[in-house]
Amino acid sequence: MRRYFVLPPFWGVVSLCVIVLFGGWLRCLGTGVLPPGQFTSTDAYLYAHQAETVWQSGALPARDLRRWVPVGRDNTALLSAYAYLIGYAGRLLPGVSLYTVQVYIGVVAWSLGVCVLMLFLQRTHGWGVALCVGLLLTTLPGSIERSAAGFGDRDAFCWLMGVLGVVSSLVAARVCQAGRGYLLSVVSGGVVLIGGLSWEGFCFFLFAVHGVSVYEIATTEASVESLKRYVLWVLSWVPMLYLLSPAYRQGQGWATHLFAVGLLPPVGLLGILSLRCLLRHVYPALGRYDRKVGLCLVGGGVLCGGVYLLRGGGSFATTAFPFADSPLLSSIGELAAPPFGYWVYRYGSVFVTGSLGLSLMPVVR
């Protein structure tokens, strides 16, 4: 693949550091006007309360009696790894308050995530693509808002876990040495485990890994080594998520479809890869139709997923967004649908700048 903006390694690393430091500085500009003890998002106060509970007692109680009085809210149905991280970070960092950790954890997580992503893109597409993507992510308004100091929500942390999980999985598939590939697969699975315990929507990050697996099935022959890597990857997080979190076993509300959307796709792809290798071993004559067999198996899996979506689609409006039509939630401005002009003024300049940059890439070499 042709590589644009070819830079020496030294200047490439310097440019990467400048972009990351500039992005971190940009996200810390508002800390001077932030009132003490306050955040810029509403959900941050929930994680602050949970982190304080973890810091004091070491774990969250089964029910939070301060919410949904008088019965309390079931904490076992929540994915609270982010709160545990803040709480234990306060224990391990003497002299640093939980509030300080939560204020700046988004900036640190975003900086690490964009750095890892840029290094991965540099190895696969060169410095030009890596620096352009890093600069766009640094200046994207939505990225700044949800990773700024004081936001305090789990968005940036889940972004870091998603980048680490996907990148390590893709690198494991490209490593030629079996031992290093297996190790990276286990590391990726461990990161996915933490991300899956942090956010109900973390499984959407994994669609990139599932897409690469489907592409390999469609374009390559059955490989025992790739099957071993995928088995290690799945076994390192799917059983643990199912056992550790009741939300994946009997989820309610936001977690109603968590098992089907989060755990069934990797297990289904593992079954497809295993069945393809088994058929090729038992019936060697099918080797010439290996890719077609794989595509048929993938098509059957997609069909089953489509049937599930069609059957359960009517319940998504009441489970993924419970009480969405209630008068209380209708009065919350954060949940109101923004007008079209909001997107034009907010992201239009970034879209134009990115389009011009992509247009100039074939010219500047």
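**Close-up views of a predicted model**

**View 1. Asp155 and its partner Arg146 at the start of α7.**
With a relative accessible area of 26%, Asp155 counts as partly exposed, because that label covers values between 20% and 50%. Keep in mind that what you see is a predicted model. Asp155 pairs up with Arg146 in a salt bridge, and their closest N and O atoms sit 2.6 Å apart. Arg146 is partly exposed too, at 36% relative accessible area. Searching the whole structure turns up two salt bridges, and this pair is one of them.

**View 2. The Glu200–Arg154 salt bridge.**
Here Glu200 meets Arg154, with 3.2 Å between the closest N and O atoms. Glu200 comes from the loop between α8 (178-196) and α9 (207-219), and Arg154 from the loop between α6 and α7, so the pair ties together parts that are 46 residues apart in sequence. Both Glu200 and Arg154 are buried.

**View 3. Asp153, a buried acid without a salt bridge.**
Asp153 sits in the loop between α6 (141-147) and α7 (155-174). Asp153 is buried, but no salt bridge goes with it. Which side chain of opposite charge is nearest to Asp153? That would be Arg146, at 4.4 Å. A salt bridge has to fall within 4 Å, so this pair doesn't make the cut. Setting aside residues up to four places away in sequence, Asp153 touches Ser41, Asp43, Ala44, Tyr47, Tyr82 and Arg146.

**View 4. The largest nonpolar core.**
This core holds 55 residues. Ile86, Met118, Tyr230, Trp233, Trp237 and Leu241 are the ones with the most contacts inside it. Which helix gives the most to this core? Helix α4 (residues 98-125) does, with ten residues. A second, separate core has five residues, among them Ala44, Val103, Val107 and Ala149. Ala44 also turns up in View 3, where it touches Asp153.

**View 5. Tyr230 and its surroundings.**
Zooming in on one of the well-connected core residues, we get to Tyr230. Not counting neighbours within four places in sequence, Tyr230 is in contact with His210, Ser213, Pro266, Leu269, Leu270 and Leu273.

**View 6. Ser169 beside Trp233.**
Ser169 belongs to helix α7. Is Ser169 buried or exposed? At 12% relative accessibility Ser169 counts as buried, since the limit is under 20%. Beyond residues up to four places away in sequence, Ser169 touches Ser188, Val209 and Trp233. Trp233 is already familiar from View 4 as one of the residues with the most contacts inside the largest core.

**View 7. A nonpolar patch on the surface.**
Out on the surface, Tyr242, Leu243, Phe259 and Leu264 come together as a nonpolar patch. Their accessible area adds up to about 380 Å². Two helices, α11 (238-244) and α13 (258-282), each supply at least two of the patch residues. Phe259 is found in α13. Phe259 is partly exposed, with a relative accessible area of 36%.

**View 8. Gly300 and Ile272.**
Gly300 is part of helix α14 (residues 290-319). With 29% relative accessibility, Gly300 counts as partly exposed. How far apart are Gly300 and Ile272 in space, C-alpha to C-alpha? The distance is 9.6 Å, while in sequence Gly300 and Ile272 are 28 residues apart.

Key:
Residues are numbered from 1 along each chain as its sequence is written. This is a predicted model: local features need pLDDT of at least 70, side-chain atom pairs count only at pLDDT 80 or more; totals for chains, interfaces and linings use all residues. Side-chain values use heavy atoms; hydrogens and water are left out. A nonpolar core is a set of buried Ala, Val, Leu, Ile, Met, Phe, Trp, Tyr and Cys residues joined through side-chain atoms within 4.5 Å. Buried means under 20% relative accessible area, exposed over 50%, partly exposed in between (1.4 Å probe, protein chains only). Helices (H or I, at least four residues) and strands (E, at least two) are DSSP runs, numbered from the N terminus. Contact means heavy atoms within 4.5 Å. Patches are made of residues with over 30% relative accessible area and no salt bridge: like charges are joined within 9 Å, nonpolar side chains (Val, Leu, Ile, Met, Phe, Trp, Tyr) within 5 Å. Accessible areas come from the Shrake-Rupley method with a 1.4 Å probe; for residues, only the protein chains shown count as cover. Lys and Arg count as positive and Asp and Glu as negative; His and the chain ends are not counted.
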